[in-house]
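User: Could you take a close look at the disulfides in this model for me? I would like to see them set against the rest of the chain.

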Amino acid sequence: MLTTEIPKPWLKYKDPAHRWAKWLFWAGWLAGIAITAGLCVEAYMSIPRLENLCMVMEDDFSGSTISDYFWNHDITLDGGINGKFQWSTASTNNSFITDSTLYLVPTLTADHLGADAIINGATVNLTADGTCSSKNVSHCAVQSNSTLGTVINPVQGVTLQSKFSIRYGKVEVVARLPTGDWIWPAIRLMPVNDTYGAWPKSGEIDIINARGNRPGYGELGSDFMQSAVHWGPHLLFDSYFRTWGIRRDKVNGYASGFRKYALEWNDKYLMTYIDNKVQTALTVKFDQSFWDRGKYPTFYTDEGGNIAKLENPWFNSVNKAAPFDQPFYLELSLGVGGTSTYFPDNLGNKPWQDSSPLAASDFWTAKDRWLPTWPTDPKVRGMAIKSVKMYKTC
């Protein structure tokens, strides 16, 4: 209804505060962009990276059989340091190549020897037939006895060891993990020589340890993987708990498709990751000696109940990377069960106790509980590997 022009003094006399507010906004916006860019560059530059890598070994499994040029089979009955229940074999039932893919598969020993032989009256002696790869006779023979509760290793698995080794470099393994309760796939590096003494003094690098149990198995199923390095001055002081990490794939898990499991390693750091460094599982910087990192006591009680002094096995080393400053070879392993607490007692309907002398027997007796979880297709039940690449720094 107004017929005259309405005065708008703010258009004629602009408030200086508005002008300063606009400039402050744009200045803050530009500063934020600059700071963000700087943080991104700093983060990128802080990522450890290797330079000048040379190929040492590459196997794409394009042949019809496992290459004797690249691989050895470890053939033993002892189950290794983890007390696994498998008989590690070179059988084509447990390791074979199909369609340019290596399969490592668990099978039942009963399919080979018969069910009765597992429980009583049978002997397996790998030394006698000349196939055992261990120099320790106790690792090469076993006898079943129902009175004592000892059984022939109830399952057969496989451990492949590379004939090539690296001291610093990179490893890439493209693999799909297995499915089935108590199946234990692993990709690790082991020392060529026990330079600093028996395990764990000379170290172990686990690129991946996993489990075939379904995702509902606590936080330990097939949707989890674990990466760690093992080290310590004595068997009682494995200090991996100070240098380990996990990654979880909540959507697909690690048994649904092929992933790249990788290690980078030099005299400054060690890193493992899945597919790319965004999915890093473990980073260990060699910025202090492992003796200092371990915070060990001066004395300990040994297996015989005696007080003993704990010695530093790496005191002669000239760098802080020891024991991870020596050549390591690659190991691809498919095992089952074990008594090392990797499968915790009283979790997931576990049918044995780690401390029991009858652990393997209890596991076998409960086969009707775990065997139905193993896929009948060996390619699904096993770990499938598309390629292996090893590089050294040069």
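Analyst: Happy to; here is a walk through the disulfides, followed by their surroundings.

A word on the ground rules: this is a predicted model, in which local features need pLDDT of at least 70 and side-chain atom pairs count only at pLDDT 80 or more, while totals for chains, interfaces and linings use all residues. Residues are numbered from 1 along each chain as its sequence is written, and side-chain values use heavy atoms, with hydrogens and water left out.

The structure has 2 disulfides, a disulfide being a pair of cysteine sulfur atoms within 2.5 Å. One of them ties Cys 54 to Cys 394, with an S to S distance of 1.8 Å. This link spans distant parts of the chain: Cys 54 sits in strand β1 (residues 53-59), Cys 394 comes in the segment after β21 (383-393), and 340 residues separate them. Strands here are DSSP runs of E with at least two residues, helices are runs of H or I with at least four, and both are numbered from the N terminus. The link of Cys 54 and Cys 394 is right-handed, with 85 degrees about the S-S bond.

How covered are these cysteines? Buried means under 20% relative accessible area, exposed means over 50%, and partly exposed lies in between (1.4 Å probe, protein chains only). Cys 54 is partly exposed at 28%, and Cys 394 is also partly exposed, at 49%.

The other disulfide joins Cys 132 and Cys 140, whose sulfur atoms are 2.0 Å apart. Its geometry is left-handed, with -70 degrees about the S-S bond. Cys 132 is buried, with a relative accessible area of 18%, and Cys 140 is buried at 1%. With the bonded cysteines numbered in sequence order, the pairing reads 1-4, 2-3.

Now for the setting. The UniProt annotation "domain: GH16", from an unreviewed entry, covers residues 59-394; UniProt positions follow the numbering used here, feature names are shortened, and annotations may be inferred rather than shown by experiment. That span is 9% helix and 36% strand, and its end C-alpha atoms lie 20 Å apart.

Across the chain there are 8 helices and 21 strands. The radius of gyration is 28 Å, well over the 21 Å that the globule rule gives for 394 residues, so the chain is more spread out than a compact globule; the radius is taken over C-alpha atoms, and the rule is 2.2 Å times the number of residues to the power 0.38. The C-alpha trace spans about 115 × 60 × 45 Å along its principal axes. Of the 394 residues, 48% count as buried.

As for the interior, the largest nonpolar core has 88 residues, and Trp 71, Leu 189, Trp 265, Leu 330, Leu 332 and Ile 385 touch the most other members. A nonpolar core is a set of buried Ala, Val, Leu, Ile, Met, Phe, Trp, Tyr and Cys residues joined through side-chain atoms within 4.5 Å. Not counting residues up to four places away in sequence, Trp 71 has contacts including Met 57, Phe 61, Leu 330, Leu 332 and Val 388, where contact means heavy atoms within 4.5 Å. A second, separate core of 5 residues includes Leu 50, Ala 262, Tyr 269 and Tyr 273.
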